[in-house]
Each structure stands twice: as C-alpha cells, then as structure tokens.
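Hi,

Here's the structure I promised to send over. Have a look at it first, and then read my notes underneath.

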Amino acid sequence: MPGSPDGSVLPPASFPFPRYRAGQAEALERAREAFAAGKRFVVIEAPTGAGKSAIAVTLAREASSAFVLTNQKILQDQYVTDFPDLALMKGRANYDCLVAPTHAAAAPCLAGKRFPACDDCPYFTAKDVAVAANVTTLNYAYFLAELNYAGGFRGRELLVLDEAHNAEAALMSFAQVYLSEAQLLRAGLDLALPPNLGEELLFEFAEQLLPELKRRAGEVDAELAKGSLQSQAAVEQLRVKQWLETQVERITILLDSYYGGDVDWVVERFRGREGEVLLFKPVEVAPLAEPFLFAYGERVLMLSATILDAPTFLRSLGIDPSEAEVIDVPSSFPPENRPIYLRPAARLTRHHLDRDLPKLADAIAELAARHEHEKGVVHAHSYKIASYLARHLPAEVRWRVLTHDSADGRDAALTRHLTDDAPTILLTPSMTEGIDLADERARWQVLCKVPYPYLGDRQVAARMERDRDWYDWRTTLAVVQAYGRSVRSETDHAVTYLLDADFPSFIKRQQRRLPAWFLEALR
Ligand code: SF4
C-alpha cells in the first residue's frame with residue numbers, strides 16, 4: 001500500500017477520502033482478501049463513526065458493477081450527497097407522472113400506453129441512468145420488488161447490504177401477505193374473509209383468491225383499454241391494477257413455499273383500521289434470501305453496527321458460515337464520552353408493569369431534573385409506557401416532553417425536537433434505529449425497558465420457539481441500536497441510563513453478544 005510523507009498508509013483512488021479512519025484500511029484489505037479467496041459473503045461489523053459507507057463505496061467502486069442497498073430513503077440520499085458518482089433510484093411513487101395527475105406508481109404506462117411527454121419521464125430517466133451506472137443505490141423494498149418482478153436491472157458483481165441486520169425484516173415485509181375486506185372491495189371483489197377455523201382453511205382461501213385476483217386484473221386491464229387513462233378515475237383504476245398484480249405475486253410465493261414445504265407461515269386474523277384483516281407471515285425468511293435477494297450479486301458485502309451474533313445472523317439469512325468472512329472494526333469513541341449507567345428503578349414485566357410505572361416516572365423525573373438544560377431522549381419501548389409517562393411526569397418536566405401516540409406522529413415529534421431551542425425530551429417507543437441525535441440533540445438518554453420483541457405477534461412467538469438465540473439476538477440488537485443514537489462522533493458525548501430492573505441480569509446473560517465497546521462503557 002502507498003505511504004504518505006508522515007508514514008501513514010494512503011488510500012487508493014477508489015477510497016472517497018484523503019485519509020483512512022481507524023480500522024478502515026484493515027477492514028478493506030481483509031474484505032478484498034476474503035473475496036479473492038473465494039468467499040461469497042463478507043460481513044463487516046463496524047460501530048457508528050467507523051465510516052461504514054466509505055468502506056461500502058470503495059468496494060463497490062472496485063467491482064465492475066454494484067448495488068448498494070439501504071433500509072431508508074434518507075440513507076440513500078446521504079449516499080449520493082457524500083458520493084456523487086453513485087446513481088440514485090427510488091420507488092415509482094417518488095416520481096411525478098407527466099401525463100396524468102399522479103405519480104409513476106399509478107401512471108398510464110402501467111396499462112401499456114405511451115404518450116409524447118413520456119420521453120422526458122422523471123421515473124424512466126432516473127431508471128435509465130441507474131441501470132447504466134456502475135454503482136446504484138436503492139432501498140431494500142424497491143430493490144426486492146423491482147429486481148424480482150419488473151424488467152431493467154440485472155444482477156451485478158457486488159451486492160452491498162447496508163444496515164444488514166435489517167435484511168431479514170426487509171425480506172419479511174416483501175413476502176408477507178396483507179389482505180383486508182376493504183382492499184378487496186376497493187379492487188371490485190366483494191368477498192368476505194373466512195372465519196378463523198384453522199390455518200388450513202385460511203390457506204385454502206388464499207388458493208381460491210388467486211384466480212379471482214387474476215380474473216379481476218384482466219377485467220381492469222380491459223376497462224382501462226377503453227378509457228382515456230389520464231383522468232382521476234383512470235388513476236384509481238391503475239392503483240387497483242397495481243394492487244391486484246402485487247397480491248398475485250405475493251400469494252404465488254406464499255402458496256408455492258407453503259405447499260412446497262420450504263417455509264412455515266403463521267396467519268393472523270384481526271380487525272384493523274381497514275376492517276377485517278388476514279395477515280400471512282413467514283416464520284423464517286432464510287429459504288427466500290438466496291432466490292429473492294442474494295441471487296442478484298455474485299458476491300455480497302454486508303455492513304452493520306449490530307451483527308452481534310454472527311452465527312445467528314448468518315442462519316437468519318440461510319448463509320452457510322463456511323461461505324462467509326466476518327470482520328470486526330473496533331470503536332474509536334472514548335468510553336468516557338458515552339457512559340452507560342445501570343439504574344434499576346422498576347420491574348416492567350407484564351405482571352409488574354402497572355404497579356411499577358410510577359417508579360419509572362419518578363426515576364425519569366429525577367434524571368430530567370439532573371439534565372435540566374439539556375435535550376434528551378427516552379426510549380419507552382411501548383406506546384403504553386410512553387402514554388403513561390406523558391401523562392404522569394411532573395409538570396416541570398412535562399412541558400419539555402415531545403411524544404407521539406402512533407407511527408403517524410413520529411416525524412413531527414422528531415422534527416420539533418431537532419428544531420426547538422428548549423431542552424426538549426423526545427419520548428418515543430419507536431426510534432431505537434435510524435435517527436441521529438448528535439451533539440446537543442441528546443446529551444442524555446434513557447432505555448426504560450429491555451426491548452424484548454413482542455410475543456403477541458404470532459410470527460415472533462413461533463420464531464422464538466424454534467430459535468431462542470434469534471430472540472435474544474434481536475433484543476440485544478435493539479439495546480445496542482438505541483445506545484448508538486446519541487453519540488455520533490469521537491468528540492460527541494452523552495450519558496445513557498438503563499432503568500428496567502431486568503437490565504443487570506440481561507447484560508450478564510448477553511455478555512457474549514454485546515460488543516466490547518458497549519461493555520467497556522458500563523459504569
Ligand atoms: S412513462 Fe409516461 S405515463 Fe409513465 S410515469 Fe412516465 S410520464 Fe407518466
């Protein structure tokens with residue numbers, strides 16, 4: 001490797017910055033060696049601040065062609081802002097249609113029609129650039145739908161999965177089938193969902209529904225062929241057509257894998273916002289990862305701050321450990337800048353929750369007083385806990401609290417926390433991942449409860465029953481992700497408090513999964 005006058009190693013042209021951060025050169029070298037030695041999968045576990053994106057982009061540029069997948073559109077934007085040679089491709093709904101009052105996800109071209117204005121179509125222009133580019137960034141949801149069901153993109157030499165601990169959830173969302181009576185009615189199918197008299201009956205219903213969906217899609221096509229396609233009514237029909245076609249694709253995977261015996265499924269039947277709902281979820285997605293995701297890369301690079309338990313992670317995606325190289329990058333953030341204090345204040349198991357919520361509120365009130373002039377974040381774990389705290393914290397703390405009672409209010413609460421000059425406290429059950437509370441945005445944070453996945457979800461319960469390691473891994477992952485929200489650079493600092501009385505024994509049990517940089521911060 002070339003050296004600089006001061007003796008440090010100089011990065012190659014494919015690396016996007018003039019200097020390496022600690023651990024980057026070694027991680028890159030080991031990844032190159034592993035691929036050269038024939039490994040198909042390289043997993044890099046690198047904490048916040050290690051420069052994962054630069055590692056991903058370097059290896060993507062060194063390949064003849066690559067995809068870089070992220071979990072969120074905002075991270076895609078970050079990639080192309082930081083590395084402008086990457087092409088950006090988002091889902092159709094992000095691009096306006098030029099010939100009808102809609103976006104490209106419900107546009108007349110879906111019915112096979114073209115118009116003169118289509119030559120300048122924002123969606124297809126972006127797609128042409130993205131297909132031709134050497135490195136393209138997409139989000140998981142669009143990638144899975146587009147590569148598996150639409151034309152244009154082909155497999156590439158390198159498939160990069162950023163935030164790879166989310167790949168399993170992305171496959172789960174891609175495969176699950178959600179059917180409501182309201183959706184069926186909107187699509188012109190006046191069908192009642194069957195009563196929950198056992199799983200077999202529900203799968204039989206899915207089997208009988210499939211030809212109905214295809215028949216109705218054919219009818220909608222015929223209706224669209226007669227109309228102008230540019231009216232609001234046509235846009236609605238195009239949405240119906242898209243929905244019908246997506247359901248046909250998903251139910252086909254469901255039935256093939258269920259009757260083929262490759263995947264076990266759970267079915268939930270409940271009353272939701274859209275009336276009666278049937279939800280089919282795969283218990284595991286490992287058998288789906290190769291055909292629907294990995295098949296589009298000759299080699300696969302996976303990066304995350306929270307791999308934590310490589311055997312369980314690899315198993316969750318059906319990867320043979322002998323085909324994978326796992327590389328750890330240490331944290332360069334001083335532990336004294338990010339101390340973790342165990343402050344067991346309340347027992348928050350189902351049996352003790354109501355009794356101990358007042359103790360939790362008292363503990364948080366005390367911490368809020370201690371950090372009177374600083375912004376903070378309280379990870380509540382559930383809406384029930386968040387709602388209790390929002391109502392029962394003392395008035396001198398309550399005025400600082402910004403919270404939300406559903407996923408819809410999440411962004412508004414976060415935006416206000418980030419823009420308000422007051423020492424606000426973000427109280428949330430759903431921001432353990434994907435938010436950046438650097439510097440003054442959070443000088444203290446609280447994890448109220450050990451974030452065990454919800455066992456009322458039949459998929460989670462079935463999964464835990466067959467793989468307890470998976471359940472413990474997902475819990476540990478949520479703790480470490482939440483911890484990572486508030487210290488974002490070597491000079492940043494924030495204090496973390498763990499308040500659930502179960503945290504001390506949880507940490508003891510999960511020593512082998514918790515990264516060294518987490519354990520060294522415990523006080
Ligand atoms: S190709 Fe034409 S119809 Fe389709 S989204 Fe673009 S502008 Fe609209």
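Below is what turned up, starting with the two sheets and ending with the ligand. Keep in mind that this is a predicted model.

**The seven-stranded sheet**

Seven strands make up an open sheet with parallel pairing, and going across it you meet them in the order β3-β4-β2-β5-β9-β1-β10. At the edges are β3 (87–88) and β10 (324–328), each of which pairs on one side only. If you want a pair to zoom in on, try β2 (residues 66–70) and β4 (residues 135–139): they run parallel and are joined by five bridges. F67 is a handy place to start, with T136 in β4 as its bridge partner.

Two helices to look for here are α2 and α5. Helix α2 (residues 52–62) packs on the sheet and touches β1 (41–45), β2, β4, β5 (156–161) and β9 (297–304), with its direction at about 170° to that of β9. Helix α5 (residues 140–149) packs on the sheet too, touching β2, β4 and β5, and its direction makes about 105° with that of β4.

**The six-stranded sheet**

Further along the chain, six strands form an open sheet, again with parallel pairing, in the order β11-β16-β15-β12-β14-β13. Its edge strands, β11 (340–346) and β13 (401–403), each pair on one side only. On average, neighbouring strands in this sheet are turned by 20° against each other, ignoring direction.

Inside it, β15 (residues 444–447) pairs with β16 (residues 495–500) in the parallel sense, over four bridges. One residue to click on is W444, whose bridge partner in β16 is V495. Helix α17 (residues 468–483) packs on this sheet, touching β11, β12, β15 and β16, and its direction makes about 165° with that of β15. Helix α13 (residues 383–392) lies across β12 (376–379), β13 and β14 (425–428), running at about 140° to β14.

**The ligand**

So where does the ligand sit? You'll find it in the largest cavity. The residues around it are C97, L98, V99, A104, A107, P108, C109, R114, C118, C121 and F124. By type, this shell divides into 10 nonpolar residues, no polar ones and one charged.

Cheers

Terms used
Residues numbered from 1 in each chain as written. Predicted model: local features only at pLDDT ≥ 70, side-chain atom pairs only at ≥ 80, totals over all residues. Heavy atoms only, no water. Pairing = 2+ DSSP bridges. Axes fitted to C-alpha atoms, helices over the stretch in contact; angles between N-to-C directions. Contact = heavy atoms within 4.5 Å. Near = heavy atom within 4 Å. 1 Å grid on protein atoms, 1.4 Å probe; cavity = no way out; pocket = protein on both sides within 12 Å on 5 of 7 lines; lining within 4 Å. Sits in = over half its atoms within 2 Å of the grid points. Nonpolar A, V, L, I, M, F, W, Y, C, P; charged D, E, K, R; others polar.
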